[in-house]
Each structure stands twice: as C-alpha cells, then as structure tokens.
Amino acid sequence: MLIVDCDCHNYWLSATVLTPYLSGIWKDMFLEGEKTGPVGAFPHGHRPWFHPQDFSRKDVRPQTEADNYLIMKEKHLDRYDIDVAILTGDEPIEASTLANPYYASALVSAYNDYQIAEWLPKDSRFMGSIIIAPQDPRLAAAEIRRLGAHPRMVQVLASHGSVKPYGDPFYHPIYEACAEMGLPFAIHLGGNGGVNWNAVAPAPTTFFWETHAIFFMPAMAHLASMIAHGVFEKWPDLYFVVIECGVAWVPSVLWRLDADYKALRKETPWLKMLPSEYARRNIRFSTQPLEQPANVKHLWSALEAMDGENTLMFASDYPHWDYDDAKTLHIPPEWRPKVMGGNALEVYKRLPRLQTAFAA
Amino acid sequence: MAEKTFICRADQVETGKAFIAKVRSMSVGVFRVGEEFHALLNVCPHRGAPLCEGPQCGTTAPVDGPDFIYVRDNEIVRCAWHGWEFDIRSGRALVDPKMRARTFPVTLESGNIYVTA
C-alpha cells in the first residue's frame, strides 16, 4: 500500500545553514541582526506560549546537521515504509510573523533554495514545499512562479497564523500563482505570533497544552473564509490543504456554514454550491494529530460525516512530540488505501504515480 | 519460563537516563532511582513509542491552587514521543493508573544488574 506522509519536518540544528542562500542586506541582517534567541535561531515573532518539553521527540537527538536526515531515514522513512515524504520545513513558516515582508520573503526564498539543494537530493522519497511569506502576497506569488516549475516541489505552504483569514481578496495573487503553476495551497499549524497577533479568538490562552488543543481555531476561520470569498469559484481546481489542525471539528463547522449560507446566501452571490460541497471538492485535511476519544466509533462517525475516506490524507508530523505513526493510525481499515496515499495522489498531481505500489 | 539476563554493571546506569538493553527479544530500560534499580519494557502502552528513551524526571505535585511543587524527581519517565508520564517503580501512567507499562524484576548481584523476564 502506498504511504504518503504529508507532513514530514526536515529539521536543522541551526538556521545558519541558510547563510549561503542569502545575500546582500538580508545576509547582513541574518548574521548581524537581532534574533529570537541565540545564534542559530530563525528570525520570527514568537508566540506567547512555550512548549514545556520542547517540540521534538526525545528519541530523535541529532548531533550534526547530517544526523537530521539519517535519523529520519532510520526512525521514520524506513521503519514505517514511507513511499513519499512531503517536506514541510520547520521554523521557516514562522517567517509569516515578521512585520518586514521583504526580510520575511528573503528568508523563505533562502530556505526554499536550501531545501532544493540540500534535502531533495538526499532521498528520492522527498518532495518539497514552496514556503511563502503570505504577508506580502505579491512577493509570495513571485516566489511561487520562481520555483513552481520544479518537478519535485508539490505544494505552496504557509503558516495557519496570518494577518487576515486566507480567503480575503488580499491573498488572491497567491492562489492565482498556485493555479498557474498547478500547485495546491497548504497551511500548517504555526506562525501564531508577531503580526499574527490573534492566534486564539478571544485573546491568548495561558498554557501550552490548553492552547495546542484548540489551535484549530484559525483553521476554522480560514476554511470559512476560503469558501465564502469564492476562492474555489475563481480557481475551481485549486486544492486547499489544512495540515495539523485536527479533523473532528470539520463536520460541525460545515453544518453551521451550510445552515447560515442557506439563510443568508445574498451576502455572497458569487457562490454556486453549498459550503460543504466546496469543502468536499477543494479542501483536504491531514490526519495528524488524529483525535483520540475513548470510543473510537465516536471519532469515526465524525470522520464519516466529512467523507473522510476521500478528504483525509495521512501525516506523521515527524519528529514532533505529537507524532502519529503510519502503522497504528486509528481510521476505518477499509479507508487505509485512500487515506494513507491514494488521496494524496489526487491532490499532489506531481507525485510519481506509484500505481504498482498502490495496487500492491 | 522466565530467565535472568545480565544487563550491565550497576555503575553503568546513570540517574536521569535509562540503560537500554535487549532481554530475549525485547528492548528493556533499566533505571536508577536513588539506590534502587527498576526495569521497564521500552514500549509505551499509549502508542508503542520507545518509552525509556525519554527523560527520567520529576513532576508537579497535585495541589489545589497555583503552587508548583516539583516532586518525585527521578521517579518518573516521560515517554520519548508524546511525553506521557509513568511511575518508574510501578509502570503506571500518572494520568491514568489503569494504563501500565510492563515492569520486570531487577536483581543486583556483586555489582551486576540482572533482569528477569
């Protein structure tokens, strides 16, 4: 069975690996400027919560930059027979927190070049993400067009922290570029600090676990906004991928969106279908961290209500502390071929069609 | 039939970190808790992660208000993946004592550690 991991983090020990990919004032600022933490930290506006035991699994302990791949290969890719791993970086999506969009854009460009030069060649299972700094959609669109033809770059990726909900016309240049290059637009949990100040709707919560558990809030807003603003009418073939935001909340939000749209359709006359119909056609969700109720049937009935067999895509979040492994993912067994890899082949059209593996 | 397996010399087990060894076909972590030694199967009952590769640590005492009393230092192992806390002596999960990591008897003979499994 084909296994595609839609969220595999390629770590570094130090952001200074980006130095060779920066130039001019950006290299100067990166080396000489203030950072969030000691030398080696990636510049970003930090969130107001600190993880009490840090993000990485404790059995992943790289000592050198080379270890980051070697350990991933041993403890994740080989061990769980991962056929394709979509690299999602780690700190670079946090560039979305910086007020200076020019610096943020230079940082993500440097990361994208580093990823292409130093990660993709390591393993034929790796596919890349074009990370963008969405606070300047024109620069983001230019970055998408700069790298969008690379055969192993399979999506455009931003954090789920943003200055506005992602359906806002402010961001439409990004989707225009995605559509032009034939790439999905994905958001990954993160970037909830700096200019993205309203990470949690009422105001920041207090503790890390409390916050992490409800961190799908911005994803709810993005889902509603992408549908309401008609992004999927303008670009009907665009896939919007929601990574690491949980899934069991999706049906209830779609029920609410459908009910309110039916009453107040007149506000958004450009829409032609129910919100849930756009979601079914254009939006996909990565599984991790899959909710763990005491009775798994309660989860499965929620997943059924969102047509999970066709809308979910497996993700591990390697090497983070809330990692899901490919062997014990608690989904209905008959869904496994689609959720573990089949759905990803539909979304990530550049993935090699490993049909033999899929059939096997 | 349980058998006794030599693991290591007692002075090879440091406080703070399990000594991980093969016992028959199993991976087992031996911990030093004060002067005692305890052994846990290196498989977390939550999701099968390498439990014993996480830090040996303490935790906060249950209290009724905002007091943060760090207790049981080195009596707890925090699983390497998801961070669930387990009592090293009993193998029980702190949040759910019904969940239990497998423990094995440890014997110390002439400075050598043995695990019976």
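Begin by selecting strand S6 of chain A, residues 240-243, in this predicted model. Both faces of this strand are covered, with Phe240(A) and Val242(A) buried on one side and Val241(A) and Ile243(A) buried on the other.

Next, add the strands that pair with S6(A). Strand S5 of chain A, residues 185-188, runs parallel to S6(A), and four bridges join the two; to see one of these pairings, select Phe185(A), whose bridge partner in S6(A) is Phe240(A). Strand S7 of chain A, residues 283-286, also pairs with S6(A) in the parallel sense, here over three bridges, and within S7(A) it is Phe285(A) that stands opposite Val242(A). Strands of a sheet pair through backbone hydrogen bonds, either parallel or antiparallel.

Keep Val242(A) selected, and extend the selection to the largest nonpolar core. This core has 128 residues, and Val242(A) is listed among those with the most contacts inside it, together with Ile132(A), Ile144(A) and Ile174(A) of chain A and with Val30(B) and Leu51(B) of chain B. In soluble globular proteins, nonpolar side chains tend to be buried together.

Now zoom out to the whole of chain A, which has 14 helices and eight strands. Its radius of gyration is 19 Å, close to the 21 Å that the globule rule gives for 360 residues, so chain A is as compact as a globular protein of that length. Measuring tools in the viewer can be set against the box that its C-alpha atoms fill, roughly 55 × 45 × 45 Å along the principal axes. If you colour chain A by burial, 47% of its 360 residues count as buried; and of the contacts in this chain with a separation of 6 or more, 82% come from residues 24 or more positions apart.

Move from there to the place where the chains touch, where eight residues of chain A are in contact with eleven residues of chain B. Coloured by class, the side of chain A that touches chain B shows two nonpolar, two polar and four charged residues.

Cross over to chain B and display it as a cartoon: there are zero helices and ten strands. The radius of gyration of chain B is 14 Å, close to the 13 Å that the globule rule gives for 117 residues, so this chain, too, is as compact as a globular protein of its length. Along the principal axes its C-alpha trace spans about 45 × 30 × 20 Å, and buried residues make up 35% of the 117 residues. In chain B, residues 24 or more positions apart account for 49% of the contacts with a separation of 6 or more.

Within chain B, select Leu51(B), which was met above as a member of the largest nonpolar core. Setting aside neighbours within four places in sequence, the residues in contact with Leu51(B) include Leu40(B), Val43(B), Val77(B), Phe86(B) and Ala101(B), and also Cys44(B), Cys79(B) and Ala80(B), as well as Asn42(B).

Finish with the open sheet of chain B, formed by three strands in the order S1-S10-S9 with antiparallel pairing. Strand S1, residues 4-9, and strand S9, residues 106-109, are the edge strands, each pairing on one side only, and the twist averages 30° from one strand to the next. Between S9(B) and strand S10 of chain B, residues 112-116, there are four bridges; as a last pair to label, choose Leu108(B) and its bridge partner in S10(B), Ile113(B).

Definitions and conventions:
Residues are numbered from 1 along each chain as its sequence is written. Chains are lettered from A and ligands numbered from 1 in the order in which they are written. This is a predicted model: local features need pLDDT of at least 70, side-chain atom pairs count only at pLDDT 80 or more; totals for chains, interfaces and linings use all residues. Two strands pair if DSSP finds at least two bridges between them. Axes are lines fitted to C-alpha atoms, for helices over the stretch in contact, and angles run from 0 to 180 degrees between N-to-C directions. A nonpolar core is a set of buried Ala, Val, Leu, Ile, Met, Phe, Trp, Tyr and Cys residues joined through C-beta atoms within 7 Å. A residue is buried if 20 or more other C-beta atoms lie within 10 Å of its own, exposed if 12 or fewer, and partly exposed in between; C-beta atoms are placed from the backbone. Two residues are in contact if their C-beta atoms, placed from the backbone, lie within 7 Å. Ala, Val, Leu, Ile, Met, Phe, Trp, Tyr, Cys and Pro count as nonpolar, Asp, Glu, Lys and Arg as charged, and the others, Gly among them, as polar. The radius of gyration is taken over C-alpha atoms; the globule rule is 2.2 Å times the number of residues to the power 0.38.
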